[in-house]
Amino acid sequence: MDTSKRWLNALVPGLENISDKDYADAMTLSGTKVENYKRLDKNLEKITVGEIVSIEKHPDADKLKVCKVNIGNEIIQIVTGAGNVETGQLVPVVLSGGKVAAAHGDPKTYEDGIKIKKGKLRGIESDGMMCGIEELGASRDQYPEAPEDGIYVFNCEGSVRDVKPGDDAIEKLGLRDTITEYEITNNRVDCYSVIGIAREAAATFNLKFVPPVVPETGNGENINDYIKVTVKDTDLCSRYVSRAVKNIKIAPSPLWIQDRLIASGIRPINNIVDITNYVMVETGQPMHAFDYNTIRGKEIIVARANDGEIFKTLDEAERKLDKDILMINDGEGAIGIAGIMGGENSKITEDAETVIFEAATFNGTNIRKSAKRLSMRTDASGKFEKGLDPELALYAMNRACALIEELGAGEVVGGCIDIYPNPAVKKIIEFEPESYNRLLGTDISKEDMLGYLNNIEIEYDEKNNSLIIPTFRQDLNNDADIAEEVARFFGYKNIPTTIPKGSNAGLEIGGISVEERIKNTAMDSLLASGYSQIMTYSFESPKVFDKLKLLKVAAARKTVEIFNPLGEDYSIMRTLPVNGMLTSISTNYNRNNSNVKLFEYAKVYIPTEDKNALPTELEKLTMAFYGNGDFYTLKGDVENVFESLRMNKRVTYKATSRRPFIHPGRQADIYYGDKYIGYLGQIHPDVADNYNIDTEVYMAVIDTETLYDYASFDIKYAGIANFPAVKRDLSLTVERTVPVGGIEAVIIEGGGDLLEDVKLFDVYEGDRIDTGLKSVAFSITLRAKDRTLSDEEINNTMNNIIGKLEAFGAELRK
């Protein structure tokens with residue numbers, strides 16, 4: 001939503017004394033967020049109206065002309081290359097030392113403008129420059145009378161700008177203004193209008209809001225003698241207002257309307273079209289006009305379309321309709337798509353003598369869906385789809401008729417057709433100042449609250465201690481909404497910082513959940529290991545599964561599909577956290593970043609058998625790196641995470657090859673005790689190649705839920721051991737294919753309660769042992785907590801371990 005500051009000044013006297021910056025800051029703080037603002041006269045300095053009194057050819061340049069220009073108090077000489085100059089023209093002239101916003105032929109504007117200096121062109125003095133509309137930072141979209149190439153001429157054909165030499169050219173062009181852009185939330189449909197913004201501005205600065213005066217209009221005739229209106233589908237059209245205007249006089253609009261429309265980004269066309277556009281911008285209510293002579297049967301019927309019906313709209317496109325699209329019909333067929341666009345068969349032409357005006361309230365949801373199906377979202381549909389106040393329709397209609405009479409654009413026929421079967425009722429909300437103060441943590445008086453509310457047209461019924469909400473404030477429904485209104489105009493910055501109060505003990509103590517604490521602790525461990533956290537999209541492409549070499553029957557290919565995806569690349573919810581991580585790894589690798597380590601808490605979405613049920617959401621801690629390190633580096637990083645969470649059970653790894661995206665000889669499942677909790681390994685080289693990664697990548701995926709189940713923050717201290725430990729080393733030979741983890745598990749089983757620790761300290765494969773074998777060496781620590789171990793106990797334990805190892809297939813090296 002954009003507004004002209006000059007337009008707002010007319011509705012809120014005193015607002016002109018507020019600077020643009022102060023206005024933007026205060027409006028934002030009161031809830032009407034200002035995105036940005038722009039002075040239309042920025043970098044437009046020393047620009048006046050000049051009259052060309054003579055033109056001569058430049059003696060040394062065929063394409064240049066030497067002009068004498070009257071600027072009011074003197075005649076100056078300007079050399080120009082413009083091809084459209086003629087004597088008698090009134091043109092904008094920038095004097096020496098002045099500025100323009102842009103250069104001729106250059107579409108961009110310059111931040112500091114372009115300074116114009118007195119100088120010579122091919123030896124002839126030039127005291128300034130005559131300007132085209134683009135050099136003033138404007139365009140032909142705003143000023144259609146401007147030539148495509150050349151200087152702007154105030155007194156050209158079709159112009160209504162009354163100027164004389166010496167006038168302020170920028171003022172005469174309506175550029176002494178500020179355009180403010182707002183971010184309006186959809187629940188504040190009343191602020192999609194100049195009147196709505198003006199009302200907010202008046203309340204923000206405690207100024208008086210002066211809405212336009214709308215006098216009664218109409219001659220002694222009765223509109224019912226001209227047209228009959230029937231609304232068949234009142235569920236889609238809750239109010240329909242119509243008035244007639246005869247003796248139409250098509251002409252340009254006066255400057256004040258043109259300038260306000262231009263400032264709002266709307267190109268002026270003629271008085272009738274401009275009035276409907278003006279009223280839409282001012283009130284937020286779209287209007288439409290039909291040529292009375294084209295309405296067959298002199299009847300308007302508001303009803304649903306027929307399936308398959310074809311209708312040609314104002315843009316000369318043929319639209320295929322369906323039964324859920326609301327149409328405006330005459331006695332024989334369609335003449336407009338309700339709330340979206342009129343028809344080619346009823347448009348206003350210069351020959352129109354009588355016009356039927358329409359202002360209606362259409363169902364917002366239906367308009368939005370219809371516009372989407374027809375692929376033709378318009379300014380009108382954009383307003384209607386938000387849900388307009390039905391009380392606005394009659395006001396906008398009467399405002400338009402008043403402007404028609406004021407501008408002499410036609411004769412308004414008496415009376416008004418207003419089909420309004422279920423009038424809107426003003427909501428009543430109990431006035432509870434104590435509740436508002438308690439909610440806000442403030443001590444605002446009842447009188448101050450009522451003052452703030454009165455400024456935004458909320459009435460107070462003292463007898464019933466209730467607030468009467470105007471129908472245009474559809475967003476106000478309960479005490480929390482009223483408290484927010486009080487807070488907005490009291491000033492958020494004036495609300496003191498307080499601790500929430502409650503009756504339950506401990507309510508004032510804040511903190512994070514146990515789950516968040518576990519995730520933060522694991523994150524700290526990974527950060528300490530050199531990892532960086534990332535976040536990737538949950539939306540993916542089905543092609544991802546092919547990149548990961550998944551079988552066509554893989555369970556991970558069963559996904560949750562998105563109904564209205566941004567495109568195929570974002571059409572399903574991910575079932576694996578791998579693609580997003582590898583995409584980020586690939587981006588870093590191909591940007592020549594070395595030694596990259598990344599992690600993510602990634603949610604995956606597993607569909608259920610019931611398609612109407614929500615998918616199962618599982619969170620995975622995903623880690624990956626390339627560069628310095630190998631499989632064992634990743635294993636150590638995983639175990640560091642477990643250690644930081646005091647997961648003290650033994651972690652084991654079982655070799656597997658069931659994941660096609662991981663190297664078949666370098667992947668393992670992770671077990672905590674006997675519970676499966678994740679997997680790790682090296683990404684398959686073919687998969688890495690699919691992601692344009694030409695190096696080894698290692699990845700681990702851990703079920704976050706298992707961290708929640710097994711992590712502990714209970715710290716238990718044990719005293720220093722009172723009895724000595726006994727250490728023994730074992731050197732074994734086994735087949736190369738035997739995993740070390742399996743040998744370790746056998747030692748743990750054989751050691752029983754006396755085994756305190758077991759560590760692998762050597763692996764050897766070479767000429768000194770037989771082919772197909774490897775040598776592994778473990779350090780074993782034995783200790784009893786209550787006694788010194790005897791030789792017999794030590795020997796029995798070691799013999800038990802050796803016996804189990806021999807049964808496992810290991811041979812003790814002598």
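1. V189 lies in the loop between β11 (178–183) and α4, where helices (H or I, at least four residues) and strands (E, at least two) are DSSP runs numbered from the N terminus. With a relative accessibility of 12%, V189 counts as buried, a term that means under 20% relative accessible area, as against exposed at over 50% and partly exposed in between (1.4 Å probe, protein chains only). Once its neighbours within four places in sequence are left aside, V189 is in contact with K386, G387, L388 and Q474, contact being heavy atoms within 4.5 Å. The C-alpha atoms of V189 and F384 are separated by 9.5 Å, although these residues are 195 residues apart along the chain.

2. On the basis of the model: this is a predicted model, in which local features need pLDDT of at least 70 and side-chain atom pairs count only at pLDDT 80 or more, while totals for chains, interfaces and linings use all residues. Residues are numbered from 1 along each chain as its sequence is written, and side-chain values use heavy atoms, with hydrogens and water left out.

3. As to the overall form, the protein chain holds 20 helices and 40 strands, and its C-alpha atoms fill a box of roughly 125 × 85 × 60 Å along the principal axes. The radius of gyration of the protein chain is 40 Å, whereas a compact globule of 814 residues would have one near 28 Å; the radius is taken over C-alpha atoms, and the globule rule is 2.2 Å times the number of residues to the power 0.38. Among contacts between residues at least 6 apart in sequence, 68% join residues at least 24 apart, and 48% of the 814 residues count as buried.

4. The largest nonpolar core has 46 residues, of which L8, L11, Y23, M27, Y182, I197 and F357 touch the most other members; such a core is a set of buried Ala, Val, Leu, Ile, Met, Phe, Trp, Tyr and Cys residues joined through side-chain atoms within 4.5 Å. The elements that each supply at least two residues of this core include α1 (5–11), α2 (20–29), α4 (194–204), β21 (355–362) and α9 (392–407), and α9 gives the most, with 7 residues. Leaving aside its neighbours within four places in sequence, Y182 is in contact with residues including L8, Y23, M27 and I197, and also with T32, K33, V34 and E35.

5. A second, separate core of 40 residues includes V189, I227, Y240 and I300. I300 also appears among the contacts of K228, which, leaving aside neighbours within four places in sequence, is in contact with K298, E299 and I300. K228 is placed in strand β12 (residues 228–231), and its C-alpha atom is separated by 9.6 Å from that of D330, the two residues being 102 residues apart along the chain.

6. Two backbone angles deserve a check. Most residues other than glycine have a negative phi. K46, in strand β3 (residues 45–57), nevertheless has a positive phi of about 55 degrees although it is not a glycine. E457, likewise not a glycine, has a positive phi of about 65 degrees; E457 is found in the loop between α11 (446–455) and β25 (459–461) and is partly exposed, with a relative accessible area of 32%.
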